[in-house]
Amino acid sequence: MNELFNLYIREFLLKILLCSSVKYPSIALNPHAFKALQYLKQTFAQDIKLEDVANYLQISSGYLSKLLFNAFDKTFPEILNNLRVKHASYLIKNTNYSLTTISKACGYNNIQSFINNFLLLFWCDFTLNNTGK
């Protein structure tokens, strides 16, 4: 990716962040859901799977999946991507790192996957805030 395009995309993502009102819930969690979230916050940049977290907690992956969905109303991949994108948004706002560096630091194998997940989380909120709906 050339440098000018990288700067353009970075500015675009930053504008979306500034217009976004995405919030992250703070609710009383099941102890396993809480521990899973804490573990994911420490390991989101790695190639982590539901089974890895379930093994860490010594529970079945099916049970963990249900706990996470009940606690957050999101699937495991959605929770993981939200954590990754949240950290990426911090890095976009507060560093001069390239988007390639940011995407790798947040656990994405390629920049396209990072941009797709970023837009999934922030784009809808961005468009609603800018159309007055």
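These are my notebook entries on a predicted model of one protein chain.

**Entry 1: the overall layout**

I started by counting elements. The protein chain has seven helices and zero strands. Read from the N terminus, the order is α-α-α-α-α-α-α. Next I looked up burial: 40% of the 133 residues count as buried. I also checked how far apart in sequence the contacting residues sit. Taking contacts between residues at least 6 apart, 66% of them join residues at least 24 apart.

**Entry 2: the nonpolar cores**

Which residues have the most contacts inside the largest nonpolar core? I found Leu40, Val53, Leu64, Leu68, Phe76 and Ile79, in a core of 21 residues. Four elements give two or more residues to this core: helix H2 (31–43), helix H3 (50–57), helix H4 (61–72) and helix H5 (76–94). There is another core apart from this one, with 15 residues, and Ile9, Ile102, Phe118 and Leu121 are among them.

I then picked leucine 40 and listed what it touches. Not counting residues up to four places away in sequence, leucine 40 touches Ile48, Val53, Phe76, Ile79, Leu80 and Leu83.

**Entry 3: H2 against H4**

How do H2 and H4 cross? Their axes come within 9 Å and cross at roughly 90 degrees. Angles from 65 to 115 degrees count as roughly perpendicular, so that is what I call H2 and H4. On the H2 side, I noted His32, Ala33, Ala36 and Leu37 as the residues making the contact. On the H4 side, the contact is made by Tyr63, Leu64, Leu67, Leu68, Ala71 and Phe72. Sorted by class, I get nine nonpolar residues, one polar and no charged ones.

**Entry 4: two buried residues with polar side-chain contacts**

Is asparagine 117 buried or exposed? Its relative accessible area is 15%, and buried means under 20%, so asparagine 117 is buried. I located this residue in helix H7 (residues 111–131). A polar atom of the asparagine 117 side chain lies 2.8 Å from the backbone oxygen of serine 113. Leaving aside neighbours within four places in sequence, asparagine 117 is in contact with Asn81, Val85 and Tyr108.

Threonine 95 came next, in the loop between H5 and helix H6 (99–105). Threonine 95 has a relative accessible area of 16%, so this residue is buried as well. What does the side chain of threonine 95 reach at 2.6 Å? I found the backbone oxygen of leucine 91 there. At 3.3 Å, the same side chain reaches the backbone nitrogen of tyrosine 97. With neighbours within four places in sequence left aside, I have threonine 95 in contact with Arg10 and Ile102. Ile102 is also among the residues of the 15-residue core from Entry 2.

**Entry 5: positive phi in two loops**

I was curious about backbone angles here, because most residues other than glycine have a negative phi. Glutamine 58 has a phi near 60 degrees, which is a positive value in a residue other than glycine. I placed glutamine 58 in the loop between H3 and H4. Its relative accessibility is 74%, so glutamine 58 counts as exposed.

Where does aspartate 73 lie? I found it in the loop between H4 and H5. The phi of aspartate 73 is near 60 degrees, again positive in a residue other than glycine. At 56% relative accessibility, with exposed meaning over 50%, aspartate 73 goes down as exposed too.

Terms used
Residues are numbered from 1 along each chain as its sequence is written. This is a predicted model: local features need pLDDT of at least 70, side-chain atom pairs count only at pLDDT 80 or more; totals for chains, interfaces and linings use all residues. Side-chain values use heavy atoms; hydrogens and water are left out. Buried means under 20% relative accessible area, exposed over 50%, partly exposed in between (1.4 Å probe, protein chains only). A polar contact is a pair of N or O atoms within 3.5 Å; within protein, one must be able to donate a hydrogen and the other to accept it, and residues adjacent in sequence count only if both atoms are side-chain atoms. Contact means heavy atoms within 4.5 Å. A nonpolar core is a set of buried Ala, Val, Leu, Ile, Met, Phe, Trp, Tyr and Cys residues joined through side-chain atoms within 4.5 Å. Axes are lines fitted to C-alpha atoms, for helices over the stretch in contact, and angles run from 0 to 180 degrees between N-to-C directions. Angles under 35 degrees count as roughly parallel, over 145 as roughly antiparallel, 65 to 115 as roughly perpendicular and the rest as oblique. Ala, Val, Leu, Ile, Met, Phe, Trp, Tyr, Cys and Pro count as nonpolar, Asp, Glu, Lys and Arg as charged, and the others, Gly among them, as polar.
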